[in-house]
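Let's take a walk through this one together. Have the viewer open and follow along.

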Amino acid sequence: MKFGTKVIHAGIQPDPSTGAIMTPIFQTSTYVQAAPGKHKGYEYGRSQNPTRTVLENNLASLENGAMAICFGSGLAAMDAVLKLLDPQDEVVSTNDIYGGSYRIMNQVFAKYNIKFHYVGMDTIKNIEAVVNEKTKMIWIETPTNPMLNIIDIKMVCDYAKSKGIMVCVDNTFASPYLQNPIDLGADIVIHSATKYLGGHSDVVHGAVITKDLDTGAQLRFIQKAVGAIPGPQDCFLVLRGIKTLHVRVQRACENARKVAEYLLTNEKVNNVYYPGFDSHPNHEVAKRQMKDFGAMISFDFKDDNIDTATEMLSATSLFALAESLGGVESLIGHPATMTHGSIPREERLKVGLTDSLIRLSVGIEDIDDLIADLDQALAKV
Ligand SMILES: *Cc1c(COP(=O)(O)O)cnc(C)c1O
């Protein structure tokens, strides 16, 4: 099946008991057994749920993996992956990552003696500089958040393989429509399904997809032991969202290109970060590993201060001021005070995350209305 068919059909069958074409929401905590141990593959809701199973099979197919395991949020999915590690193990992570990912690494797993190194992953040299015999995992987030750098997944995976290090890619920003890290050599992919997969800003959900069944089984065990499962209704919402993933993301990418081109022409704007520009430092890598350049854009102001950003954030009307991304509606955010508030200012500035930096999640509204909204807002700044 091609991608546009997989989103609608992979792993999904009409319900055998009724013929319902949509996967039912199995709102149940337990399952009746005919005799002790004699059941239909479902024993207890923490371990298995049929709505969840369908979603997991669909996601494994979208990412070309062997297995998928769904969680109550993206961070719960990340928590399970980091629990594959032991105390004293070390992780090399992208330096420009989602604020919550930085927080779980530094403020939770660091307590259990797991050490994290944050590096720019534009060259292997930076990774090599911190790799040692304790390094067990490389954590990639690409496109990065909010600077929209593109990391060459295949380059990093080739290096990791030569050292026997596992690679996990947070594929939330790209979505499986634009990029499939397992095809490029990654061992594990995680998603905050809250974003593009759900796509309608109505559910918080996470998923892990593994290249092999062994790692999948370890994660399944962690999920059962720890219990960070999603509810069946949330699984249904993600399944429903995925059915239009390809058309939503494609339209959002088309809109984003036009928004980025518009921003370049505004004299108050300083930098526009968008991997689709020829001038973007990682444009060639993006062209190679992604189907399109995504729908996230960041920009900052020549007059770089928080007040300028605040004026902009209050002046838009279609672009809603909110955390999150990947929904059908366009959002505007201020990483320095919102998503990346837990990262110290010096660390932020090192990667170009200035005080006035604005991040846009471009939605699928009419492009003329989106540009008109930004234009009137910029006029007020
Ligand atoms: C939102 C997000 C997460 C966290 O996911 P939740 O569903 O909010 O727990 C992780 N990584 C990235 C890149 C995200 O955007």
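Helices here are DSSP runs of H or I with at least four residues, strands are DSSP runs of E with at least two, and both are numbered from the N terminus. Keep in mind that this is a predicted model.

With that naming in hand, go to the loop between β4 (135-141) and α6 (153-163), where you'll find Pro143. The peptide bond leading into Pro143 from Thr142 is cis, with omega near -5 degrees. Stay in that loop, because it also holds Pro146. Asn145 and Pro146 are joined by a cis peptide bond too, this time with omega about 5 degrees. For context, most peptide bonds are trans, and most residues other than glycine have a negative phi.

That second habit is the one to check next. Asn64, in the loop between α2 and β1, has a phi near 55 degrees, which is positive even though the residue isn't glycine. At 35% relative accessibility, Asn64 counts as partly exposed. Ser324 is another non-glycine residue with a positive phi, about 85 degrees. You'll find Ser324 in the loop between β10 (320-321) and β11 (331-333), and with a relative accessible area of 25% it is partly exposed as well.

Now for the ligand. Which residues come nearest to it? Of the 13 residues around the ligand, the nearest are Gly74, Asp170, Ser192, Thr194 and Lys195. Some of these make polar pairs you can pick out in the viewer. In the side chain of Asp170, an N or O atom sits 2.7 Å from a nitrogen atom of the ligand. Ser192 places a polar side-chain atom 2.8 Å from a ligand oxygen, and Lys195 has a polar side-chain atom 2.8 Å from an oxygen atom of the ligand. Taken alone the ligand would expose 380 Å², and the protein buries 92% of that.

Next, look at Ser73, in the loop between β1 (67-71) and α3 (74-82). Is Ser73 buried or exposed? Its relative accessible area is 19%, so with the cut-off for buried at under 20%, Ser73 counts as buried. Setting aside residues up to four places away in sequence, Ser73 touches Val204, His205 and Gly206.

Arg52 is worth a stop too. This residue lies in helix α2, and at 2% relative accessibility it counts as buried. A polar atom of the Arg52 side chain lies 3.1 Å from the backbone oxygen of Ser47. Beyond its neighbours within four places in sequence, Arg52 has contacts that include Gly45, Arg46, Cys70, Gln223 and Ile229.

For contrast, try Thr18, in the loop between α1 (3-9) and α2 (50-62). Thr18 is exposed, with a relative accessible area of 61%. The side chain of Thr18 makes a polar contact with the side chain of Asp15 at 2.8 Å, and it also reaches the backbone nitrogen of Ala20 at 3.1 Å. If you want a feel for distances, Thr18 and Asn113 are 95 residues apart in sequence and 51 Å apart in space, C-alpha to C-alpha.

Finish at helix α14 (residues 367-380). At 1.5 Å a residue, its 14 residues should span 20 Å, and the end C-alpha atoms are indeed 20 Å apart. At the start of α14, a side-chain oxygen of Asp366 comes to within 2.9 Å of the backbone nitrogen of Asp368. Which residues of α14 are buried? They are Ile367, Leu370, Asp373, Leu374, Ala377 and Leu378. These cover an arc of only 130 degrees around the axis, which puts them on the same side of α14. The spacing makes sense: an α-helix has 3.6 residues a turn, so residues three or four places apart point the same way. The face turned away from that buried side carries the exposed residues Asp368, Ala379 and Lys380.

What covers the buried residues of α14? The cover includes α10 (245-264), β8 (269-273), β9 (296-301), α12 (306-315) and β12 (358-361). Strand β9 is home to Phe299, which is buried with a relative accessible area of 0%. Leaving aside neighbours within four places in sequence, Phe299 is in contact with residues including Leu263, Val272, Met312 and Ile358. Phe299 and Thr354 are 55 residues apart in sequence, yet their C-alpha atoms are 9.5 Å apart in space.

Terms used:
Residues are numbered from 1 along each chain as its sequence is written. This is a predicted model: local features need pLDDT of at least 70, side-chain atom pairs count only at pLDDT 80 or more; totals for chains, interfaces and linings use all residues. Side-chain values use heavy atoms; hydrogens and water are left out. The expected span of a helix is 1.5 Å times one less than its number of residues. Buried means under 20% relative accessible area, exposed over 50%, partly exposed in between (1.4 Å probe, protein chains only). The arc is that of the directions from the helix axis to the C-beta atoms. Contact means heavy atoms within 4.5 Å. A polar contact is a pair of N or O atoms within 3.5 Å; within protein, one must be able to donate a hydrogen and the other to accept it, and residues adjacent in sequence count only if both atoms are side-chain atoms. A residue is near a molecule or strand if one of its heavy atoms lies within 4 Å of it. Accessible areas come from the Shrake-Rupley method with a 1.4 Å probe; for residues, only the protein chains shown count as cover.
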